[in-house]
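Open the model in your viewer and keep the selection box ready. The tour moves from one selection to the next.

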Amino acid sequence: MRGGSNLLMTPDEAAAELGVTKRVLMDSYRRWGIPYLKVGKHVRFRTRDLHHWVDARMQRG
């Protein structure tokens with residue numbers, strides 16, 4: 001499992017990291033269970049939380 005940092009990513013940055021569009025991310029992050037936080041009215045994703053979320057969903061074959 002990767003470590004990661006506490007740096008906050010914008011939805012554009014997080015979407016690029018996941019390889020999806022910002023619209024797909026913003027329509028789905030709650031349903032997918034991606035950890036997020038609100039900074040005022042803005043949604044932000046912590047780098048390490050996003051990496052842990054991805055790692056937890058890796059399919060082993």
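Helices here are DSSP runs of H or I with at least four residues, numbered from the N terminus. By that numbering, Asp 27 and Arg 23 both belong to helix α2. They sit four residues apart, about one turn of the helix. One caution before going on: this is a predicted model.

**Stop 1: the pair on α2**

Select Arg 23 and Asp 27 and show their side chains. The two side chains meet in a salt bridge, 3.8 Å from N to O. The cut-off used is 4 Å, between a side-chain nitrogen of Lys or Arg and a carboxyl oxygen of Asp or Glu. Is Asp 27 buried or exposed? Asp 27 is exposed, with a relative accessible area of 53%. Arg 23 is exposed as well, at 65% relative accessibility. Exposed means over 50%.

**Stop 2: the two sides of α2**

Keep α2, residues 22-32, on screen. Which residues of α2 are buried? Leu 25, Ser 28 and Tyr 29 are. They lie on the same side of α2, because they cover an arc of only 135 degrees around the axis. Now turn to the other side of α2. There Arg 23, Asp 27, Arg 30 and Arg 31 are exposed. Add α1 and β3 to the view: the buried residues of α2 pack against both. Step just past α2 to Gly 33, which has a positive phi of about 80 degrees.

**Stop 3: α1**

Select α1, residues 11-18. Its buried residues are Pro 11, Ala 14 and Ala 15. Look down the axis: these residues fall within an arc of 100 degrees, so they line one face of the helix. Which elements cover them? The cover includes β1, α2, β3 and α3. Just after α1 comes Gly 19, with a positive phi of about 75 degrees.

**Stop 4: the strands**

Select β3, residues 42-46. In a regular strand the side chains alternate between the two faces of the sheet. On β3, Val 43 and Phe 45 make up the covered face. His 42, Arg 44 and Arg 46 make up the uncovered one.

Next, add β1, residues 8-9. β1 and β3 run antiparallel and are joined by two bridges. Pick Met 9: its bridge partner in β3 is Phe 45.

Then add β2, residues 37-39. Three bridges join β2 to β3, and this pair also runs antiparallel. Val 39 has His 42 as its bridge partner in β3. β2 and β3 form a hairpin with two residues between them. Gly 40, in the turn, has a positive phi of about 65 degrees.

**Stop 5: the core**

Select Met 9, Ala 14, Ala 15, Leu 25, Tyr 29, Ile 34, Val 43, Phe 45, Leu 50 and Trp 53 and show them as spheres. These 10 residues make up the largest nonpolar core. Which elements give two or more residues to this core? They are α1, α2, β3 and α3 (47-56).

Centre the view on Met 9. Leaving aside neighbours within four places in sequence, Met 9 is in contact with Ala 14, Val 43, Arg 44, Phe 45, Thr 47 and Leu 50.

**Stop 6: Thr 47 and the second salt bridge**

Thr 47 lies in helix α3. Is Thr 47 buried or exposed? Thr 47 counts as buried, at 14% relative accessibility. Not counting residues up to four places away in sequence, Thr 47 touches Ser 5, Leu 7 and Met 9.

Now select Asp 49 and Arg 46. Side chains of opposite charge can pair when their charged atoms come close. Here Asp 49 forms a salt bridge with Arg 46, with the closest N and O atoms 2.9 Å apart. Asp 49 is buried, with a relative accessible area of 18%. Arg 46 is partly exposed, at 27%. The salt bridge count for the model comes to two.

**Stop 7: past α3**

Finish with Arg 60, in the segment after α3. Arg 60 counts as exposed, at 69% relative accessibility. Draw a distance from its C-alpha atom to that of Thr 47. The separation is 23 Å, for two residues 13 apart along the chain.

Methods. Residues numbered from 1 in each chain as written. Predicted model: local features only at pLDDT ≥ 70, side-chain atom pairs only at ≥ 80, totals over all residues. Heavy atoms only, no water. Core = buried A, V, L, I, M, F, W, Y, C linked by side-chain atoms within 4.5 Å. Buried < 20%, exposed > 50% of the residue type's maximum accessible area, 1.4 Å probe, protein only. Contact = heavy atoms within 4.5 Å. Arc of directions from axis to C-beta. Pairing = 2+ DSSP bridges.
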